[in-house]
Amino acid sequence: RKEGRERKGEVGKGRGGEQALWLKRIQNHSKQTKQHFKFWWQIYYWKKWQKSGIFDVLIFTCRDIKEAIIPDSINVIASYAFSHSAIEKIVISHHITKICEGSFYKCRNLQQVEIPLKSRLQEIGKLTFYQSSIESIAIPSSVSELKEGCCEETPKLLNVTIMSNNKYFKSINDKLVVGKSDIKSDEFDVLVFASRDIKTVT
């Protein structure tokens, strides 16, 4: 899956050109747009429910952003929200329940991802950390879905820790991650991830 692999996401709907269209729409500052979007510290927020007064989706970030601490009001990071940005460190709020497809796609400067142990995070989407430079990540007990390729092409990722009370995944020596083909089963029978420096598996 190389450069030609392009996918559309679920909340932000797309990357590159489509994200630029989102930004253009926001910058038009129409009355309707002002009601639905909010800009704060290089980040655009969106309302999942338009009648709500809460901006709960992180939809887009300026591409020169280097560090972000996500507000507690946010519970979704939209598809490709940070893609191709200069982000180096991200602190995921414990209120986040979903990181959508490609959220940090080709963020080659991204090295640190902090997810609190008491996180409500349930899903990490496809291609989330594609071609990033993350070196380690801790998956909280709440996560039930690690989508295909969420850590694809991450050559520096050497340690993935799964919290011991996670019912869906477990870590073996912080080098392998295994999951279940049947979530109702007690058997971990699917190899999900292998550390990039692993040499033998027995």
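Strands β13 (residues 169-172) and β14 run antiparallel and are joined by 4 bridges. Strands count as paired if DSSP finds at least two bridges between them. Strands themselves are DSSP runs of E, at least two residues long, and helices are runs of H or I, at least four long, numbered from the N terminus. This is a predicted model: local features need pLDDT of at least 70, side-chain atom pairs count only at pLDDT 80 or more, and totals for chains, interfaces and linings use all residues. Residues are numbered from 1 along each chain as its sequence is written, and side-chain values use heavy atoms, with hydrogens and water left out.

Within this pair, S171 stands opposite V177 of β14. The hairpin of β13 and β14 has 3 residues between the strands. One residue there deserves a look. N173 sits in the loop between β13 and β14. N173 has a positive phi of about 55°, although it is not a glycine. Most residues other than glycine have a negative phi. Is N173 buried or exposed? N173 is exposed, because its relative accessible area is 68%. The cut-offs are under 20% relative accessible area for buried and over 50% for exposed, with partly exposed in between (1.4 Å probe, protein chains only).

Now follow β14 onward. β14 also pairs with β15, in the antiparallel sense, over 4 bridges. Here L176 stands opposite A194 of β15. Side chains in a regular strand alternate between the two faces of the sheet. In β14 (residues 176-179), both faces are covered. L176 and V178 are buried on one side, V177 and G179 on the other.

Strand β15 leads to the largest pocket. A pocket is found on a 1 Å grid over the protein atoms alone: it is an open set of points where a 1.4 Å probe fits, with protein on both sides within 12 Å along at least five of seven lines, and lining residues have an atom within 4 Å of a point. The largest pocket holds about 220 Å³ of space. That volume is the space filled by probe spheres set on the points, which are joined across faces, edges and corners. Its lining has 16 residues, and K147, C150, C151, V192 and F193 lie nearest the centre. Two elements, β10 (136-139) and β15 (190-194), give two or more residues to the lining. By class, the lining has 11 nonpolar, 1 polar and 4 charged residues. Nonpolar covers Ala, Val, Leu, Ile, Met, Phe, Trp, Tyr, Cys and Pro; charged covers Asp, Glu, Lys and Arg; the others, Gly among them, are polar.

β10 has a partner too. β10 and β12 pair in the parallel sense over 4 bridges. S136 has N159 of β12 as its bridge partner. The faces of β12 (residues 159-162) are unlike those of β14: V160 and I162 form a covered face, and N159 and T161 an uncovered one.

Step back to the loop between β9 (123-124) and β10, where S132 lies. S132 counts as buried because its relative accessibility is 3%. A polar atom of its side chain lies 3.0 Å from the backbone oxygen of F129. Leaving aside neighbours within four places in sequence, S132 is in contact (heavy atoms within 4.5 Å) with C107, R108, L110, E153, T154 and P155. Q131 is in this loop as well. Its phi is near 55°, a positive value in a residue other than glycine. Q131 counts as buried, because its relative accessibility is 13%.

Another serine, S85, is found in the loop between β5 (76-77) and β6 (89-91). S85 is buried, as its relative accessible area is 5%. Residues up to four places away aside, S85 touches C62, R63, I65 and C107. The C-alpha atoms of S85 and D64 are separated by 6.0 Å, with their places 21 residues apart along the chain. A polar atom of the S85 side chain lies 3.4 Å from the backbone nitrogen of I87.

I77 belongs to β5 itself. I77 counts as buried because its relative accessibility is 0%. The residues it touches include L58, I70, F82, I92 and F104.

Finally, the whole chain. The chain has 2 helices and 15 strands. Of its 202 residues, 45% count as buried. Among contacts between residues at least 6 apart in sequence, 32% join residues at least 24 apart.

Key:
Polar contact = N/O pair within 3.5 Å; in protein donor to acceptor, adjacent residues only side chain to side chain.
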